[in-house]
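The following note is offered as a guide to reading the model. Please keep the structure in view while working through the points.

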There are 2 protein chains.
Amino acid sequence: MTDRLAISIEDIHQAAERLKGHAVRTPLLEFKPLNSAVGRRVLVKFEGAQHTGSFKFRGAYNRLSAIAPEDRAAGVVAWSSGNHAQGVAHAAQLLGMPATIVMPDDAPQIKVNNTLAYGAEIVTYDRYTESREEIATAIAEKRGALIVPSYNDPYIIAGQGTAGLEILDQAEEMDVKVGSVVVCCGGGGLTSGIATAIKSKLPEAMIYAAEPQGFDSTGRSLRSDHAVGNDPDARSICDALQSPLPGEMTLAINRHLDVGGLAVSDDEVRSAVRFSFEKLKLVAEPGGAAALAAALAGKVPDHDGAIALTISGANVDPDVYCQILAG
Amino acid sequence: MTDRLAISIEDIHQAAERLKGHAVRTPLLEFKPLNSAVGRRVLVKFEGAQHTGSFKFRGAYNRLSAIAPEDRAAGVVAWSSGNHAQGVAHAAQLLGMPATIVMPDDAPQIKVNNTLAYGAEIVTYDRYTESREEIATAIAEKRGALIVPSYNDPYIIAGQGTAGLEILDQAEEMDVKVGSVVVCCGGGGLTSGIATAIKSKLPEAMIYAAEPQGFDSTGRSLRSDHAVGNDPDARSICDALQSPLPGEMTLAINRHLDVGGLAVSDDEVRSAVRFSFEKLKLVAEPGGAAALAAALAGKVPDHDGAIALTISGANVDPDVYCQILAG
């Protein structure tokens, strides 16, 4: 069965080699107030400390560094609401490649500014009426540039999976047995990558994709026998988790590894962002707090062992953040 | 000379043994945007991830756990604007001891609430007209309780010094040579403890106490031949760093180890809190950002090797935090 999946654990080990010395080994942290609130031991993988403020740098650097040096001049094109944008822009900058990013015109300002600061060119589109794929494909064809998907790509999935390898190592260093892992999920790249890593060593562990209600296409697809898209009229505070559909590759992996879906409301996400500020002292963007929200809302099924969860990103505009803190 | 100082490196090693399994080994983190802004490599010791949200738990637990079990029932008394309060309250809670904390009536609400949540009793006083020492001493005498000083105490200094041992180990794990260490400084407990730890292994390293302007009594005392107090009319946004005078013990250690003083303005502190939010994704309270402020303001003298600095606490009310983020 494994040979039909987009990646194996070997791809993640190779990604870890490529990322060595380039990506941050982000901390895995435990907090008493979180353990008390959830009623179980919880370990937090803080990807806000990753370059560009989210896990997305992992997959982007893995993809771009695998491009042959002679093919780099034509550059890369990607579409993203902001975190993949920054990851691709920064990886391209480090590798000396031009990058063009297609971003929705309502992307958070901090993500737009940072993407520009990494030297990328930005092309904007309307999230609700235009097709980012079409715009990006046209640019890529004109320039002979490579499109870097944000999740449905073996290199991207393997790169994100390096966070899972780190969770395994760090939990062992902390002498904690992990029983379930909850991952913030948009298109499923981080979830399927982490699931592949964790299951390679802890086959009994349960993996959950935490998604915003209305954008819980991975969970609904996993409960169905086919890919189910999100309602185009759905809205969420989690700007980073609004993929229209799970990826073919990511969904196949998540299905194979028996990943479960947990849907969280915007209010649960807001509470989690506040909890992270007050008790964990970590900045979390709304989409980056979905897994924490699921844990705090008591939605993670009981299982032996600790919960490990991702705070997957922390790129949030101060005014949005302060509206959330104000309750 | 060393035998006249309050502590030696052995005391810090003993503290580390007492704290093992009780305190958090907080992360030491490196961030590209910080390196770029400072123009040198910078490692951040994030004590916001310590129990109670500041380094103060280290010294408090070291002091209280050294009290003989038969002497614990009478409890402890401390005065503090909030971080030492929480540290003592939580350590007392863990050891089953009653704790009374004398706090200024303008202490941040988050610090008051947390101190209460750890089960301590709070007695308030006016920071500018009443003597917290007198109030606390009267309570301690009545109850036969032990006063736990916030910095001028060998156990407290040694406990805070464990953060310095961790910096040494973690920098070595990261293969980074530390040349200077900048520490947020109120009464000097953390500074003298970290200085003792760092200098034991890196005698060439320079240690700096970062203080708010107007409360830079440690820096001014070190440049003089006697202890110099702060102007009672001084005001600062750094509620945690407003000690009237350096401790005798802490000043003697800091003088012996050639510690330097760096004074930062409230505006520099505000910028540092914002930088920490935007680029490091770490919550820092104003006083906890003093060392970062000194580094960002270019006030750390040139020296071979990386700068290690503390974000020493992260207990800040959301409204104060958001006023700072709004600029």
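1. Some terms come before the first feature. Helices (H or I, at least four residues) and strands (E, at least two) are DSSP runs, numbered from the N terminus. Axes are lines fitted to C-alpha atoms, for helices over the stretch in contact, and angles run from 0 to 180 degrees between N-to-C directions. Two residues are in contact if their C-beta atoms, placed from the backbone, lie within 7 Å. The model is predicted: local features need pLDDT of at least 70, side-chain atom pairs count only at pLDDT 80 or more, and totals for chains, interfaces and linings use all residues. Residues are numbered from 1 along each chain as its sequence is written, while chains are lettered from A and ligands numbered from 1 in the order in which they are written.

2. In chain B, helix α8 (residues 189–201) lies across β7 (178–184), β8 (206–212) and β10 (306–311). The helix runs at about 165° to β7(B).

3. These strands belong to an open sheet of 6 strands in chain B, with the order β1-β2-β10-β7-β8-β9 and mixed pairing; two strands pair if DSSP finds at least two bridges between them. Because β1 (28–30) and β9 (260–264) of chain B stand at the edges with a single partner strand each, one side of each is left without a neighbour in the sheet. From one strand to the next, the twist averages 25°.

4. At one edge, β1(B) and β2 (residues 42–46) of chain B run antiparallel and are joined by 3 bridges. B:Leu28 has B:Lys45 in β2(B) as its bridge partner.

5. How are the two chains related? A turn of 180° and a shift of 0.0 Å along the axis lay chain A on chain B with an RMSD of 0.0 Å, the copies being superposed by least squares on the C-alpha atoms of residues with pLDDT of at least 70 in both. That is the relation of a two-fold axis. The same surface serves both copies, since 100% of the contact residues of chain A recur in chain B. Of the residues of chain A, A:Leu282 comes closest to the rotation axis, at 2.5 Å (C-alpha).

6. The domain assignment (automatic or from a database) divides chain A into domain 1 (2–55 + 153–325) and domain 2 (57–147). Their C-alpha centres lie 23 Å apart. The contact takes 26 residues from domain 1 of chain A and 20 residues from domain 2 of chain A. On the side of domain 1 of chain A that touches domain 2 of chain A, α7(A) gives the largest share, 7 residues.
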